[in-house]
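Reader: Walk me through how the parts of this one sit against each other. I'll ask as I go.

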Amino acid sequence: MNDSEGLFLPSLRVEGVRAIRSLRIESLGRVNLFVGANNVGKTSLLEALRLYAARGIPQAFRDILQVRGNVLSPTPGDSLEEWGILVEAVQSLFHGGLSRTDGLALQVGPETGEGPTLTVQLKSRGTSDQDDSPRRVSAGFPALVIGYGDEHTEVGVDTLALQPRPYIENQVSFAVFVPPSGIDEGRLGTLWDRVTLTEWERPVLEALRIIVPGLRGLSFIIEGGRRRVPVAKLEDSPRPVPLRNMGDGVNRLLSISLAMVNAREGFLLIDEFENGLHYSVQEEVWRAIFALARDLQVQVFATTHSWDCIQAFAAASNDSAEVDGMLHRLERKRDDSLRTVDLDEADLAVITRQHIEVR
Amino acid sequence: MALARNVLLVEGTSDSGVITNLWKRHYPEDQPFEIDVRFGLSNVREAFTGFLVGSEVQRLGVVVDADESLETRWPGFYQALVVRGYRPVPKKLPGDGLVLHRPERSVSTVGVWVMPDNQDPGRLEDFVRDLVPVGDRLWEHAGTVVDQIPDDLRRFRAIHRTKAHVYTWLAWQNEPGLRLGPAVERRLLDSDAPHAVGFVSWLRRLFVEGPVTHPDDVVGSR
């Protein structure tokens, strides 16, 4: 990958991730919005992109498993039951992984020839001890064989239970993921620390001013002796005001904008974009995202259920000549694979003018 | 998953009234499609493209007037279908209306009917003219009167002569000024006339029947 150009997928092929048996998208834009019925696989798609952006490093698997509500004990004991839970969680990443255990494999990447592909296979028994496995249980234990481009590594599933290495604190060019409920405060603080007092602080404040015009500054302070929480300096208030008291919209915007500036030359992934955002501000938020996607070389992937959100996206996309916005509608076919109907900006103009609800 | 819809796009409310009542006379049970009145050709054309690119619509039809000629009307729809991957599309609109089954596409069945008969120039009223009972003497008289209007009093363009004829005739029924839809409902217009039967069978092929091989069509290919 050429670092100066950042991560960019011109097309997409996903095989065997969670709810996705098979999916192909011929053409992706710089900003992509996905719509489709519940459980069609929108969240699975974002997970596939997270694995891809992180090139399948073990930490990415761990992050995804935790978000899905799987509790990964940081230091599992030696009981087989605890390890069993971990193995099942890993299996659940694969399409069909809950009903069978052999032959599980997934693949994420662009269409052939347009860039490297990530492949992951689950083997029921690893072949050798791994250097980074202090427990030395990897041999004979299930293992992931991870390939990215021409490189292949084998990782014992047990190593996923280790304390995370702090890769995410030091690097960009990965995917930054905004869950439906927003990014938790602890992680928001980390993302803030990486941009505060840099040129990337300003876009975050500007985004928040879409909802809070009188915002002067932002900081994170320790509360109750341990948690760091975001507080704002407002024009008409002498004291810092906790963001949590300022409504869902501001907090959603903080998640999205901090994720955006931390995703430079990587992916910004937003699940259920419209959560907490009143329809009247969505268009302006999309405009900010289109502008930042261009300036920061970020490829954006978001999902939505909301027609308001699609309209706001279409309006921002139509006005943003330099940045391609595309809407992708996911549908499940009878053979359980997915297909997309891909709408470019001209199509978006038509559906909004004619009020054709695409959901 | 949203309920799949079947949609018929039309230019105006007269189209909607005629189509609903023709269907009802042939099939009194529920109409298996909704009629979406888009008010004008350019809106119908855009909506057609819009529905093709992604919506919960499963079967999509369009009824438009040929106006001056079929040759100017059909290519726009041909183009829209080809651009959206519906292949092959017959170069020439079939005389019994277009119905394409493309199960691999999101909108899996598409149909096009150009009034009056997928061949001649004209519009809805030219289609309706053929539903007037054969030998109706009032119809002939109305035609004579329309043709006798002195040039300096005639306000309609020559191309709308049939339209003037149809509405003149409707003005002189025992309930003067019925609209076209109710005229079908009250049987002033014959829903078993050959043109009406041909149109209803196109609706059936489009919205009810499964894939059948049309002479110009290869089912399942792209």
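Author: Buried area, to start with, is the accessible area (1.4 Å probe) that two parts lose on being put together, summed over both. This is a predicted model: local features need pLDDT of at least 70 and side-chain atom pairs count only at pLDDT 80 or more, while totals for chains, interfaces and linings use all residues. Residues are numbered from 1 along each chain as its sequence is written, chains are lettered from A and ligands numbered from 1 in the order in which they are written, and side-chain values use heavy atoms, leaving out hydrogens and water.

Reader: How much area do chain A and chain B bury between them?

Author: The contact (heavy atoms within 4.5 Å) pairs 15 residues of chain A with 16 residues of chain B. On the chain A side, R339(A), Q354(A) and I356(A) supply 39% of the buried area, more than any other three residues. Carbon and sulfur atoms account for 48% of the total, which is about 1,300 Å².

Reader: Now inside chain B: which residues of domain 1 lose the most area to domain 2?

Author: The domain bounds come from an automatic or database assignment, which gives domain 1 (2-122 + 193-219) and domain 2 (125-185). Together these two domains bury about 1,200 Å², 75% of it on carbon and sulfur atoms. In domain 1, three residues together make up 36% of what that side buries: V18(B), N21(B) and H195(B).

Reader: Are α1(B) and α8(B) roughly parallel or roughly perpendicular to each other?

Author: Helices (H or I, at least four residues) and strands (E, at least two) are DSSP runs, numbered from the N terminus; axes are lines fitted to C-alpha atoms, for helices over the stretch in contact, with angles from 0 to 180 degrees between N-to-C directions. Angles under 35 degrees count as roughly parallel, over 145 as roughly antiparallel, 65 to 115 as roughly perpendicular and the rest as oblique. The axes of α1 (residues 13-26) and α8 (residues 194-207) of chain B come within 10 Å and cross at roughly 90°. The two helices are therefore roughly perpendicular.

Reader: How many nonpolar residues does the contact of α1(B) with α8(B) have?

Author: On the α1(B) side you'll find I19(B), L22(B), W23(B) and H26(B), while α8(B) brings residues including F199(B) and L203(B). Ala, Val, Leu, Ile, Met, Phe, Trp, Tyr, Cys and Pro count as nonpolar, Asp, Glu, Lys and Arg as charged, and the others, Gly among them, as polar. By that split there is 1 polar residue and 1 charged one, and the nonpolar count is 8.

Reader: Why are α2(B) and α3(B) roughly parallel?

Author: Helix α2 (residues 41-53) of chain B meets α3(B) through residues including F48(B) and L52(B), and the axes are 10 Å apart. The pair counts as roughly parallel because the cut-off is met by an angle of about 20°.

Reader: And over in chain A, what angle do α9(A) and α10(A) pack at?

Author: Helix α9 (residues 307-319) and helix α10 (residues 345-353) of chain A have their axes 9 Å apart. The pair is oblique, at an angle of about 130°.

Reader: Which prolines of chain B follow a cis peptide bond, after R87(B) and after M115(B)?

Author: One lies in the loop between α3 (70-83) and β4 (98-101), with omega about -10°. The other lies in the loop between β5 (109-115) and α4 (124-129), with omega about 5°. They are P88(B) and P116(B).
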